[in-house]
Amino acid sequence: MRSKLVEIFGAERVLTEPDELHEFHDDYTELDGQEPAAVVFPTTTEEIVALVKLAGELGASITPRVANTNVGGLAVAAAGGIIADLTRMNRIIEVDADEMFAIIEPGVTQQQLKDYLVDHDLPLTLGYSLAPPHVSVLANSLLDGLTNRSLKYGSMSQWISGLEVVLGDGSTLLTGSWSIRGIGPFARAPMPDLTGMFTSFQGTTGIVTKLVFQLWPKHPIEQRLFILGYTAQGVFKVVQKLCRLEICEDIGGLSWPSGKMMMGVQHPNPVPDPDEPKWFLYVDLAAERDEELAYKVGLLNEVLDEQRAAGERFEEPLDINMLIKVNPAMGAFAEFPTELEFLTDHGGGGLSWMGTYGPLSRFAATSDVCCELMVKHGFAPAIVSRPMRGGHFGVLRFLVTFDKSSPEEVEKVRAVMRDLLEAVTEAGFAMYKTPAWALDWLKDRIDPGALEMIRRVKALTDPKGILNPGKWDL
Ligand SMILES: Cc1cc2nc3c(=O)[nH]c(=O)nc-3n(C[C@H](O)[C@H](O)[C@H](O)COP(=O)(O)OP(=O)(O)OC[C@H]3O[C@@H](n4cnc5c(N)ncnc54)[C@H](O)[C@@H]3O)c2cc1C
């Protein structure tokens, strides 16, 4: 295999030595790793086409990967497989400021695209996830991830206007308006929506080589406010009301352990002190003029007062800059993208979560049930949440950090994740970025017609079954 890969990539861009491959064998999670047989570093679509054709001949699988931060084992290779590390395919091909889109390759990172917009003085922004600055914008768009623009615009796959894709037989296609020769990549409409055959499929239906990604206006005045609340019920009532007012750029809810971890407490108490706030709410506001911002802050305070009158307790909103003066650790939350070291650099190396999308009206009850469950398993109930697409749905994400070298801790994480999956599904929430073990549990609950269509899409796009096997494997 090595000599054939070297013919395509040259010796310098092919790794096959065991000690070089080991670095690529696992990710942050409790899931089992797997050494790949080779790692290659493509730089062009043509090289990916050649790789796919070769893999088909050899019967080897390909796992596309960029930063490997998906927290679900989704970029871990199958046995005997090849990892296509796409970090060197990192060109920003075009930014059209008039039409508000960027055409980018898989290795373009959140930080890189931000720097481009800032350096070119463009009044545009992208949505930033809370993932590290070096993660791929393209991979998170394909995975239907969420960012600080998701309240307004939904999950990231909805911001894709078009794709260039290499299929499992080495053929290529374009999706969206782009697919009509001479017409620009301004939207998915009005073509049949082939883009959906590649989103949330975890690289199992095609290797995407270009993404047309929607950008959003950046307003000159921005303010991030933190509000401390004392019950999930009260906090999510405020979230729902703010969604209906359409005055916020982003709203996030952090349960007390995640809020405290952000402030530098490494092991927060699983059970809160009754006098402590139970939820930290952050609200991003933006405006063209000071009066507009003042008006929005006024409305926010009215919503809080209404809830106080109904018996809920909230502290006064605090500006993030004020909080940073009191606790410099809050600086990590001042500017996105950011490195949340309390999740990725805590000594034990392990991070896992149950990430779910579900109905906003069930956030309070579901978070309370899952908090109890996490405490029962010995974990501080760290939750990160956000309403999305105007409040039509939202994210509830239950996080654990752990010591990867301890088999007992790994087993504890597996047990809590299994119980959380059952609890959230029962509550009407759907897991996203679904790892293989969870999909196995969920597949009996998927409509048989949908299941059959997913299988047919896979067979059509990847007839030899070589693209990222084991993920979305039904
Ligand atoms: C601390 C932390 C915070 C996070 N916060 C968030 C958050 O707020 N919101 C959020 O959405 N996510 C979050 N994440 C999750 C994660 O960062 C995203 O899933 C990430 O953006 C994926 O990018 P990546 O470069 O790591 O992709 P990888 O993990 O390398 O790949 C992800 C998947 O995409 C596939 N893939 C990669 N490239 C291609 C391609 N070119 N064509 C087809 N398939 C491909 C891979 O095979 C894999 O299945 C967080 C992660 C961490 C560690």
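## Starting in the middle: β17 and its neighbours

Let's begin with a pair of strands: β17 and β18 run antiparallel to each other and are joined by seven bridges. One of the facing pairs there is Val 384 with Arg 397 of β18. Keep in mind as you look around that this is a predicted model.

β17 has another partner too, since β13 pairs with β17 in the antiparallel sense, this time over two bridges. Here Leu 254 sits opposite Val 384 in β17. So how many residues of β17 are buried? Seven of its seven are, and the strand is described as mostly covered. The cover is found on both faces: Ala 382, Val 384, Arg 386 and Met 388 are buried on one side, and Ile 383, Ser 385 and Pro 387 are buried on the other.

## The turn from β17 to β18

The two strands make a hairpin with four residues between them, and in that hairpin Arg 389 takes a positive phi near 45°. Arg 389 is not a glycine, yet its phi is positive all the same. You'll find Arg 389 in the loop that links β17 (382-388) to β18 (393-403).

Is Arg 389 buried or partly exposed? It has 16 other C-beta atoms within 10 Å, so it counts as partly exposed.

## The eight-stranded sheet

Now zoom out a little. β17 and β18 belong to an open sheet of eight strands, with the order β15-β12-β14-β13-β17-β18-β16-β19 and antiparallel pairing. At the edges are β15 (318-319) and β19 (430-431), each of which pairs on one side only.

On the other side of β18 from β17 comes β16. Strand β16 covers residues 349-358 and pairs with β18 in the antiparallel sense over 10 bridges. One pair to look for is Tyr 357, which stands opposite Val 395 in β18.

## Helices against the sheet

Which helix lies across β13, β16, β17 and β18? That's α12, made of residues 363-376, and it runs at about 15° to β18. Helix α13 (residues 407-426) packs on the sheet as well, where it touches β16, β18 and β19. The direction of α13 makes about 0° with that of β16.

## A smaller cast: the four-stranded sheet

There is also an open sheet of four strands, ordered β1-β2-β4-β3, and its pairing is mixed. β1 (14-15) and β3 (62-65) are the edge strands with a single partner each, so one side of each has no neighbour in the sheet.

β3 and strand β4 (residues 82-85) run parallel and are joined by four bridges. Within this pair, Arg 65 faces Asp 85 in β4.

## The chain as a whole

Stepping right back, the protein chain has 15 helices and 19 strands. Its radius of gyration is 23 Å, close to the 23 Å that the globule rule gives for 474 residues, so the chain is as compact as a globular protein of that length. Its C-alpha atoms fill a box of roughly 70 × 55 × 45 Å along the principal axes.

Of the 474 residues, 46% count as buried. Looking at contacts with a separation of 6 or more, 70% come from residues 24 or more positions apart.

## Three domains

The chain is divided into domain 1 (2-85), domain 2 (92-217) and domain 3 (221-431). Between domain 1 and domain 3, the C-alpha centres are 36 Å apart. How many residues of domain 1 are in contact with domain 3? Four are, and they meet seven residues of domain 3. On the domain 1 side, the residues that touch domain 3 are two nonpolar, one polar and one charged.

## Backbone details worth a look

A couple of prolines follow cis peptide bonds. The bond from Ala 189 to Pro 190 is cis, with omega near 0°, and Pro 190 lies in the loop between β9 (172-174) and β10 (207-214). A cis bond also joins Phe 336 and Pro 337, with omega about 0°. Pro 337 is in the loop between α10 (320-326) and α11 (341-344).

Asp 144 is not a glycine either, but has a positive phi of about 65°. Asp 144 is in the loop between α5 (137-142) and α6 (150-153). With 17 C-beta neighbours inside 10 Å, Asp 144 counts as partly exposed.

Note on methods:
Residues numbered from 1 in each chain as written. Predicted model: local features only at pLDDT ≥ 70, side-chain atom pairs only at ≥ 80, totals over all residues. Buried ≥ 20, exposed ≤ 12 C-beta atoms within 10 Å, placed from the backbone. Rg over C-alpha atoms; globule rule 2.2 N^0.38 Å. Contact = placed C-beta atoms within 7 Å. Pairing = 2+ DSSP bridges. Axes fitted to C-alpha atoms, helices over the stretch in contact; angles between N-to-C directions. Domains from an automatic or database assignment. Nonpolar A, V, L, I, M, F, W, Y, C, P; charged D, E, K, R; others polar.
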